Amino acid sequence: MTLSPSSLPFSSNFSPLFKPNPNRFLSLFPIKTTILSVSQVTLPSGERRSYTGAAKFRSKPKELVLGNPSVTVEKGKYSYDVETLINKLSSLPPRGSIARCLDTFKNKLSLNDFALVFKEFAARGDWQRSLRLFKYMQRQIWCKPNEHIYTIMISLLGREGLLDKCREIFEEMPSQGVSRSVFSYTAVVNAYGRNGEYNTSLELLDRMKREKISPSILTYNTVINACARGGLDWEGLLGLFAEMRHEGIQPDIVTYNTLLSACANRGLGDEAEMVFRTMNEGGIVPDLTTYNCLVDTFGKLGKLEKVSDLLRKMEATGNLPDITSYNVLLDAYASLGSIEEAVDVFKQMQEAGCAANAGTYSILLNLYGQHGRYDEVRELFLEMKVSNTDPDADTYNILIEVFGEGGYFKEVVTLFHDMVEENVEPNMQTYEGLIYACGKGGLHDDAKMMLRHMTEKNILPSPKVYTGVIEAFGQAALYEESVVIFNTMKEVGSEPTIETYNSLLYMLARGGLYKESEAILLKMKESGVNRNTDLFNALIEGFRQGGKFEEAIKAYVDMEKSKCDPDERTLEAVLSVYCVAGLVDESEEQFEEIKASGILPSVMCYCMMLAVYARNDRWGEAYELLDEMSSNKLSNIHQVIGQMIMGYFDDDSNWQMVEYVFDKLNSEGCGLGMRFYNTLLEALWWLGQKERAKRVLLEATKRKIFPEIFRKNKLVWSVDVHRMWEGSAYTAISIWLNDMYGMFKNGENLPQLATAVLVRGMIEQSSTAEEYPIAKAANSFIEENLSSTFSFPAWNKGRIVCQRLHLRRTLSSVETSEEGAKRDQLIILNNSPLRTTTFKGDSFDPKTRKSTRTELAPSAA
């Protein structure tokens, strides 16, 4: 590994446990209120309309923009002269002479060319340069601005909120010999309307009529939009709508959508229905905005079914809605989590003869996935492909996210291969989702394959992709490979995020590699990345696995200094420190603190407490806690695991219930799985349920938890327990030794070398590795069962080994002994006797599965 360790700034003195307050520091935000004013507008008809609107305001003028000489216009966008002028003006200093810039263009550029110049600066928001050029042109004869240029300037200044300058230019048009038309009027109306001055927009509308200038559809749409946003009452909006129709101007899609948007903002359901009906009668085809407004309106009123009714009315009149309308309604139901209503809309669409598109299926696939209905997701995707609707990248991204969150990690990889076969190009979201699932499921080979695929496509992986690959390698305890990916990430300029560092630290924590964690912390500090709660959780777990219990508690205390609030995992990690250290009173205190915080202690917490009670002969507390766990009415998982410990599911038909729980937990990923199985095996072993412990460990390996645990070839058979707790390590070593003993009794060849991996990382080269808690425990356990057969080799202090000759001699002595001849196992794995009690209000019989309940006897130790 390329990282070097550094020491954490902890003092050597043990500190009492600090309990941070999670409710510290509440931010207060001042709330400003806007006073509304009521005014009246006089219409041409003489009618005075009252309206309620926001208080008048004018946008603050923008800060002076001096222009950037490096900004040049795209070559070929305009003619050579226009491009040259734009570039010259762009590089002109604030007090530079515009006259000199234009000298070489005199009589070469038309007003249309100048209009292009103004549009380019308008697109940049450079109103200062535009205004200087405009003022210069006003003083010239050869390039005096026409109404088109005036209109561009009015629009630009209005967009920037400079209403005084905007009005000044508009008012001076006649004195400059430029006639005002509907275009310049509409521009100034829009300028005031977009800045909240809709009353001024109404005044300008009246004024243009008095000047015999007929408003256009654009003018009315601008006024109606300004009034709708400003707060003019509904009757006033309808009055404007009636006026435009009276003047022979037919409303268009923009007009109707503006009115529907007003209905949505005001919650006017009946009025929205009336506008929509009028729109259809007028032959205007609704668009996406139309249906969004309808859904918004009736969604706020809790009457989304009204939109379905409107679509049915369109269908009945032969005016078939397009797919957009159904998708908008589907999306609305999906956002509410209403599966049945969404399916009804889908069926309605199919009955109307409207073909679904990829967007339709994507909405439904996501909806099913969010509710964990994975079979329906698969069926719908198959239906999509059968109907010749081609999935796009968004569809695959949804499926990848759905199955990744659901724990179907291999299925996610299959989707990627399907995507490649269908010639659908993955995007960065696709790769991030794929590798996130691989990381969560520990599929390091698949993650590496996808990373290689990105490299072949010349796609630079994002930090999230690299983090997922590190996570995948980490789940398989491939530490060196993870660090190589981390270093590669930095070399290519993809800066590690806090999530990247957290993945590294959790990986190291599971193996107890606290020295490597210190090196990562140093790198993190150099990069200026702030610590968070997850990081401290990883530190606590890493120190605990390495037997550094005081350092683990100091890391918990240090959370307060970094202003990180502990979460549920923090409290669980601290409990694990006390339980592994065998501190019963402190464990009880922490367990009660978790309960007092309003959190139901997890199955892991219960298992840790059961183990620490059993190890310390506190059988009364163990019985009581097991009873509490098994009869927990808030969590089926607690009940099933508690009753499994007691033997209620030992037969194969009932064991399916346990497998179901294991599968549900597997969807949370290997990280949780490792914590879960470690604590469960710890409880089972110390409670004397060793046969069940063996069965549980085999279930874990079947689900790719502890993939490194058993390695077997002709030369070496190994068991790797460096990421295990004491109980799970004893279980794994027992299975390993029993397998070798069974093969020996059957006359099969033993390996050249049998090895038990106890410690990994830098500490392997140090003699202190033998003092690691898991190393001491595992070595003592093997010595108790095989005398001094195994030993620490000089070349690696992190494992114990035994040569074939020595192993055969030891196993032969066991077999020839009177006791060994009677047994098939080297280490007997059975379930200790249990004594019977009853559930609260219930009973159970192991034979009939109906009436009796079992409880542990003290001999379970």
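Colleague: Which element supplies the largest share of the lining of the largest pocket?
Modeller: In this model, which is predicted, that share is six residues, and it comes from α23. Other elements also take part, since those that give two or more residues to the lining include α21 (428-441), α23 (463-475), α25 and α35.

Colleague: How many residues line the largest pocket, and which of them lie nearest its centre?
Modeller: The lining of the largest pocket holds 35 residues, and Glu471, Tyr506, Arg569, Glu668 and Arg675 are the ones nearest the centre. The space in this pocket comes to about 890 Å³. By residue class, its lining divides into twelve nonpolar, eleven polar and twelve charged.

Colleague: What makes a space a cavity here, and how many cavities of 30 Å³ or more does the search find?
Modeller: A space is called a cavity because a 1.4 Å probe fits there but cannot get out, and the search of the whole structure finds six of 30 Å³ or more. The largest cavity has a volume of about 190 Å³. It is lined by 17 residues, and those nearest its centre are Glu541, Arg544, Arg675, Asn678 and Trp725.

Colleague: Which helix gives the largest share of the lining of the largest cavity?
Modeller: That helix is α35, with five residues. At least two residues each come from α25 (498-510), α27 (533-545), α29 (568-580) and α35 (670-686). The lining of the largest cavity divides into five nonpolar, five polar and seven charged residues.

Colleague: Why are α12 and α14 called roughly parallel to each other?
Modeller: The axes of helix α12 (residues 269-281) and helix α14 (residues 305-316) cross at roughly 20 degrees, and they come within 12 Å. Angles under 35 degrees count as roughly parallel, and therefore α12 and α14 are roughly parallel to each other. The crossing in which α12 passes α14 is right-handed.

Colleague: Which residues of α12 and α14 meet?
Modeller: From α12 there are Glu273, Phe276 and Asn280, and they meet Lys306, Leu310, Lys313 and Met314 of α14. The residues of this contact divide into three nonpolar, one polar and three charged.

Colleague: What makes α10 roughly parallel to α12?
Modeller: Helix α10 (residues 234-246) and α12 have axes that come within 13 Å and cross at roughly 10 degrees. Because the cut-off for roughly parallel is under 35 degrees, the angle makes α10 roughly parallel to α12. Here α10 passes α12 in a left-handed crossing.

Colleague: Which residues of α10 meet which residues of α12?
Modeller: Trp234, Leu238 and Arg245 belong to α10, and their partners in α12 are Glu271, Met274, Val275 and Thr278. This contact is made up of four nonpolar, one polar and two charged residues.

Colleague: Why are α32 and α33 called oblique to each other?
Modeller: The axes of helix α32 (residues 619-630) and α33 come within 7 Å and cross at roughly 135 degrees. Roughly parallel needs an angle under 35 degrees, roughly antiparallel needs one over 145, roughly perpendicular runs from 65 to 115, and the rest are oblique. The angle of roughly 135 degrees fits none of the other classes, and α32 and α33 are therefore oblique to each other.

Colleague: Which residues form the contact of α32 with α33?
Modeller: Leu626, Met629 and Ser630 of α32 meet a set in α33 made up of His638, Gln639, Ile641, Gly642, Gln643 and Ile645. The residues of this contact divide into four nonpolar, five polar and no charged.

Methods
Residues numbered from 1 in each chain as written. Predicted model: local features only at pLDDT ≥ 70, side-chain atom pairs only at ≥ 80, totals over all residues. Heavy atoms only, no water. 1 Å grid on protein atoms, 1.4 Å probe; cavity = no way out; pocket = protein on both sides within 12 Å on 5 of 7 lines; lining within 4 Å. Points joined across faces, edges and corners; volume = space filled by probe spheres on them. Helix = DSSP H or I, 4+ residues; strand = E, 2+ residues; numbered from the N terminus. Nonpolar A, V, L, I, M, F, W, Y, C, P; charged D, E, K, R; others polar. Axes fitted to C-alpha atoms, helices over the stretch in contact; angles between N-to-C directions. Left-handed = near helix turned anticlockwise from the far one by under 90°. Contact = heavy atoms within 4.5 Å.
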